[in-house]
There are 2 protein chains.
Amino acid sequence: MTENRDNESVILTQRPDGVPSPDNFAFEVRSLGPRAAGMIRCQTLFLSLDPYIRSVIAGNHLGHGIDTGDVVPGEVVARIIESDDQKWPVGMLVRCHSGWQQFCDQPAEGLSQIPQALSRPSLTLSILGMPGLTAWAGMVSIANVHEGDVVVIPAAVGGVGAMAAQLARRAGATTIAITSGADKRRIALETLGYDHCIDRVDQDLAEALAAVAPQGVSVYFDLVGDPTLTTVAQQLAIGGRVVLCGLIKDYNGNHKTMGPHPGLWITKRATVSGLVVYDYEPQRAAFEQEFIPLAEAGDLVANEEIHEGLASAPEAFCRLMRGDNTGKVVVHVDS
Amino acid sequence: MTENRDNESVILTQRPDGVPSPDNFAFEVRSLGPRAAGMIRCQTLFLSLDPYIRSVIAGNHLGHGIDTGDVVPGEVVARIIESDDQKWPVGMLVRCHSGWQQFCDQPAEGLSQIPQALSRPSLTLSILGMPGLTAWAGMVSIANVHEGDVVVIPAAVGGVGAMAAQLARRAGATTIAITSGADKRRIALETLGYDHCIDRVDQDLAEALAAVAPQGVSVYFDLVGDPTLTTVAQQLAIGGRVVLCGLIKDYNGNHKTMGPHPGLWITKRATVSGLVVYDYEPQRAAFEQEFIPLAEAGDLVANEEIHEGLASAPEAFCRLMRGDNTGKVVVHVDS
């Protein structure tokens, strides 16, 4: 048992209506009670901000959610600071889902050890975190991306998109980014190595896609929903594969993506697969076996956008949900 | 070269608006000109009526169609009556796509020999025809139906549905028919051996489905589009497979199926595949190897609804498009 401890936290004050704003959140110092027997106390070092959090705070993430007054959820890299478990010693770096707070007490089952030899622990949240696992599940396990594929990725420089693009490139596919603005265009082409980049604001997506993918799109990794989904679906090659993974437009509010007319899937002989990353936790060993050497060798670019301090989390998250982020959004909470 | 020949034909007089009516068609005696060198003259014995014809006469079947004044298309069983090709002798029974007419001249490439030993040649149009191949492609090749699956089939006693149900049953799946009326219910349960039958008019589909498939639907063979598609999709089991094959509601007019929200496919981790039967012609040998012995042994029920005489085709087709048929619709043209 240990003493109480002040615990800087960010809580949800009201469910956002549309794109979230920082006043949907409040920074509070809460009290972390005494550590219960068997629990392991951790200090957050890095916090991952991801779009799924939007549906959790809306209360409808795969049927689950949080309430106002709760700490906002999220995956973190933490350091063990108190433990009675020899398998989880003080000083060890771990990954857990403790959310937007400085400290947490976790049972051993809630912790995953971070692979040694990572150049920096924040990579756990991008390359080896949920974004990396999601990209691997979609590109490798579901779409079976291979040489000759023409792969389109919206939200192209974000956490999942950046990983998916690099996997597709490594498999020999042609990669097409959909993004917006000069900064993200540069990152897509120069940092992440996309073959083409379409600006969804300045260009007509259908026309631009027809120009760079005249034979059609063979793999579409959907992270955003309509209208992009339908426009890309109309340019699928016969037998194209579509991985449905995110609906960022819908997360932000009352927009209700309808997706293309089923007749389009028939005409295209498409295979459309729904992806929920949690299903792939049992395959994490296979995923890590593939990704850790790549991460260690510097062969995967994490393209992180790192914000300083827990208090920056609300605005950093809102920026992500506005689509203004230029990389995988991570908050550096402590060292 | 041979003489002209009177050729009873059914032509399209106007594109239907909504459900077709017999006055969209006209029975005419046209002249079949002299047979050109290399062509094989055939006499139609049986004509297959199938829902895809609705989109052909609308002019939008996979980008193709016919015009008013054209003979209505369709697959037939015919007998060769004139030929100079020893491989295609007079008297041989063949399958071809010559449409709603008494005679036709076909190149050898347009003909397929009908397997010997079928108990009656019309089975070529059901068990071994497009309906059988469609059912095989969807159930075996795409959905890989297996023991323990819970399979839902709308248009359950029609050509494709009847074959799909029998394939699913043979694989050890539980089969659920969606149909309407006492006649079709009896055929579904007694003739075709479905385990359950839901009446889409008299019953609430969602409630009835929840009652007979409390663990969810693992395979849905969609032949009809919305609203059935969305209702069944909502009751998919996690990891359910959906074969999109037909949109009968849409064929009949301005109704535009939207299909379920893509978020539902994500939540259900569904795999949704578009099926166009023409893609499976290269696999016909594998299909026939499986189906001919079953057909010969009487292990597949064709459940034909046979109409007499070419002049009956328009009303028989309209009946099909109203959903009033009680089996695979075939017109007996000649003996």
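Chain A is superposed on chain B by a rotation of 180° with 0.0 Å of shift along its axis, at an RMSD of 0.0 Å; the fit is by least squares on the C-alpha atoms of residues with pLDDT of at least 70 in both copies. The two copies are therefore related as by a two-fold rotation axis. Within chain A, A:Val272 has the C-alpha nearest this axis, 2.4 Å from it. The same surface serves both copies, since 100% of the contact residues of chain A recur in chain B.

The model is a predicted one, in which local features need pLDDT of at least 70 and side-chain atom pairs count only at pLDDT 80 or more, whereas totals for chains, interfaces and linings use all residues. Residues are numbered from 1 along each chain as its sequence is written, and chains are lettered from A and ligands numbered from 1 in the order in which they are written.

At the interface, 27 residues of chain A are in contact with 27 residues of chain B, contact meaning that C-beta atoms, placed from the backbone, lie within 7 Å. The elements of chain A that give two or more residues to this side are helix H8 (262-267) and strand S13 (271-274); helices (H or I, at least four residues) and strands (E, at least two) are DSSP runs numbered from the N terminus. H8(A) provides the largest share, 5 residues. By type, the side of chain A that touches chain B divides into 13 nonpolar, 9 polar and 5 charged residues.

Strand pairing also links the chains. S13(A) and strand S13 (residues 271-274) of chain B run antiparallel and are joined by 3 bridges, pairing requiring at least two DSSP bridges between strands. Here A:Ser273 has B:Thr271 as its bridge partner.

Within chain A, strand S4 (residues 76-82) takes part in two antiparallel pairings. With strand S3 (residues 40-48), S4(A) shares 6 bridges, and A:Gln43 stands opposite A:Arg79. With strand S5 (residues 93-96), S4(A) shares 4 bridges, and A:Val76 has A:Cys96 as its bridge partner.

Helix H2 (residues 130-142) of chain A has a kink of about 25°, centred on A:Trp136; the bend is the angle between axes fitted to the seven residues ending at a residue and the seven starting there. Because 11 of its 13 residues are buried, H2(A) is largely enclosed by the rest of the structure. A residue is buried if 20 or more other C-beta atoms, placed from the backbone, lie within 10 Å of its own. A:Trp136 is among the buried residues, as are A:Met130 and A:Ile142. After H2(A) comes A:Asn144, with a positive phi near 50°.

Technical notes: Contact = placed C-beta atoms within 7 Å. Nonpolar A, V, L, I, M, F, W, Y, C, P; charged D, E, K, R; others polar. Buried ≥ 20, exposed ≤ 12 C-beta atoms within 10 Å, placed from the backbone.
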